[in-house]
Amino acid sequence: MGTAVTADGAGRRELAPGAVHVPGWLTMAQQQELVAACRGWARGPAPIRHTKLPRGGVMSVQTVCIGWHWQPYAYTRTADDVNGARVAPFPHWMVELGRRALVDAYQDETAGDGYTPDTALINFYDGQAKLGMHQDKEERSGAPVVSLSIGDTCVFRFGNTETRSKPYTDVELVSGDLFVFGGASRFAYHGVPKVYPGTGDPATGLAGGRLNITMRATGLNG
Ligand code: SIN
Ligand code: MN
């Protein structure tokens, strides 16, 4: 627990064992590149959409997936609840970004060794969108989740592995921030109760809203 200083001078904070927030990790140029890439994936092959929930509702967040397609509560190669298309491949440059994220978050040159994320859920929050407390648990791997945020600032609620309620810690995730949850925190409940509209810098390429990318290793083959 506690704070430390990263190579680029930003304050790094471990909220719980394995759960690390690194403010200002992405440069503006990286944010612009990620926005452009996500804009392309949002168009297809399986366009971004409000995910349907099993009981008939839809999520307020819009999501597009790469590598593997997630829908409640399974991964498939094809976006069967969208248009049936095979999702875009997970690019190697994003694997490398994920590895560097682990090295910097855990301040350990070896932390990225053997980390091969093969899916990312790309979430877009506009207006009143939010995300309830949940665990990322469809993956058959305990490898860390790497989360990148661009655009509007949000409240990210990071909880515990037992219940979707307290104890939890609220942190503000700002454009460019990295958040990693692995180790003992990998299956902690988390959510996004609030986004602050109009707080992002349009220079990222996002005129409004919040973009979040979570890379994961599914542990699946095929
Ligand atoms: C997620 O839990 O999948 C997304 C988290 C976020 O938007 O910060
Ligand atoms: Mn999640």
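A charge is said to sit over a ring if CZ of Arg is within 6 Å of the ring centre and within 35 degrees of the ring normal. In this predicted model, Arg186 fits that picture, lying over the face of Phe187 at 4.5 Å from the ring centre. Another arginine does much the same job of covering a ring: Arg77 lies over the face of Trp68, and here the distance to the ring centre is 3.9 Å.

Rings also pair up with other rings. Searching the whole structure turns up seven aromatic pairs. Take Phe156 and Phe158, whose ring centres are 6.1 Å apart, with 35° between the planes, so the pair counts as tilted. Both of these phenylalanines are buried. They also belong to a cluster, in which ring pairs link Phe156, Phe158, Phe179 and Phe181.

Next comes the metal. The manganese ion (ligand 2) is held by three protein donors, His134 (NE2), Asp136 (OD) and His190 (NE2), which lie 2.1 to 2.2 Å from the ion. Along the chain, these donors follow the spacing H-x1-D-x53-H. What about Asp136, buried or exposed? Its relative accessibility is 5%, so Asp136 counts as buried.

Val64 sits in strand S5, which covers residues 58–66. With a relative accessible area of 3%, Val64 is buried too. Setting aside neighbours within four places in sequence, its contacts are Trp41, Ala42, Ala46, Ile48, Ala120, Leu121 and Ile122. Thr153, by comparison, is 89 residues away from Val64 in sequence, and their C-alpha atoms are 20 Å apart in space.

Terms used: Residues numbered from 1 in each chain as written. Chains lettered and ligands numbered in written order. Predicted model: local features only at pLDDT ≥ 70, side-chain atom pairs only at ≥ 80, totals over all residues. Heavy atoms only, no water. Donors = N, O, S within 2.8 Å, 3.2 Å for Na, K, Ca; no water. Buried < 20%, exposed > 50% of the residue type's maximum accessible area, 1.4 Å probe, protein only. Helix = DSSP H or I, 4+ residues; strand = E, 2+ residues; numbered from the N terminus. Contact = heavy atoms within 4.5 Å. Phe/Tyr/Trp six-rings, centres within 6.5 Å; stacked < 30°, edge-to-face > 60°.
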